[in-house]
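This report looks at how the parts of a single model are arranged, from its hairpin to its aromatic pairs and its main pocket.

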Amino acid sequence: MTERQQHIFQFIRGFIAQRGHAPSLDEIAAEFGVTKTTAFDHVAALERDGYIRTARQDGRRVARGIEIIGGDPCPTCGRRPAAAGGAQ
């Protein structure tokens, strides 16, 4: 996980804790001063690595459909959370 992905993961987790729902890609992009495409790429990497899951309908991601499934990553020690359901 990159440092930026660590920050995005923490942002998503905090956003959900405060507001009760996940941020949109636009909100993630605005928070980090990146494009929506870049925010999408970071979210996809977090999902691929087992930290989050995104809800899908008809094969497409659902807006605000991010769910935290992994614990706190440790970027300095290279540890990863165990993915729920064995997904990697």
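Which residue takes a positive phi in the hairpin of β1 and β2, and how many residues lie between the strands? The model is a predicted one, and in it the hairpin has two residues between β1 and β2, with Asp58 taking the positive phi, near 55°. The two strands pair in the antiparallel sense, and five bridges join them; among the bridge partners, Gln57 is matched with Arg60 in β2.

A second positive phi is found after helix α2, where Gly33 follows the helix with a value near 65°. The two residues can be set side by side.

| Residue | Place | Phi |
|---|---|---|
| Gly33 | following α2 | positive, near 65° |
| Asp58 | hairpin of β1 and β2 | positive, near 55° |

Helix α2 spans residues 25–32, and its buried residues are Ile28, Ala29 and Phe32. These three cover an arc of only 100° around the axis, and therefore lie on the same side of α2. The cover over the buried residues of α2 includes α1 (3–19), α3 (36–48) and β2 (60–68), so that strand β2, which pairs with β1 in the hairpin, also takes part in covering this helix.

Aromatic rings give a further view of how the elements meet, and the structure holds three aromatic pairs. In one of them, the ring centres of Phe9 and Tyr51 are 5.8 Å apart and the planes stand at 65°, which makes the pair edge-to-face because an angle over 60 degrees counts as such. Since Phe9 belongs to helix α1 and Tyr51 to the loop between α3 and β1 (52–57), the pair ties together parts that are 42 residues apart in sequence. Both partners fall under the 20% cut-off for burial: Phe9 counts as buried at 0% relative accessibility, and Tyr51 is buried with a relative accessible area of 2%. Elsewhere, Phe11, Phe15 and Phe32 form one aromatic cluster, and Phe32 is also one of the buried residues of α2.

The largest pocket has a volume of about 250 Å³. Its lining is made up of 14 residues, and those nearest the centre of the pocket are Leu25, Arg61, Val62, Ala63 and Arg64. The elements that contribute two or more residues to this lining are α3 and β2, and the largest share, seven residues, comes from β2.

Technical notes: Residues are numbered from 1 along each chain as its sequence is written. This is a predicted model: local features need pLDDT of at least 70, side-chain atom pairs count only at pLDDT 80 or more; totals for chains, interfaces and linings use all residues. Side-chain values use heavy atoms; hydrogens and water are left out. Buried means under 20% relative accessible area, exposed over 50%, partly exposed in between (1.4 Å probe, protein chains only). Helices (H or I, at least four residues) and strands (E, at least two) are DSSP runs, numbered from the N terminus. The arc is that of the directions from the helix axis to the C-beta atoms. Contact means heavy atoms within 4.5 Å. Rings of Phe, Tyr and Trp (its six-membered ring) pair if their centres lie within 6.5 Å; planes under 30 degrees apart count as stacked, over 60 as edge-to-face and the rest as tilted. Two strands pair if DSSP finds at least two bridges between them. On a 1 Å grid over the protein atoms alone, a cavity is a set of points where a 1.4 Å probe fits but cannot get out, and a pocket is an open set with protein on both sides within 12 Å along at least five of seven lines; lining residues have an atom within 4 Å of a point. Grid points are joined across faces, edges and corners, and a volume is the space filled by probe spheres set on the points.
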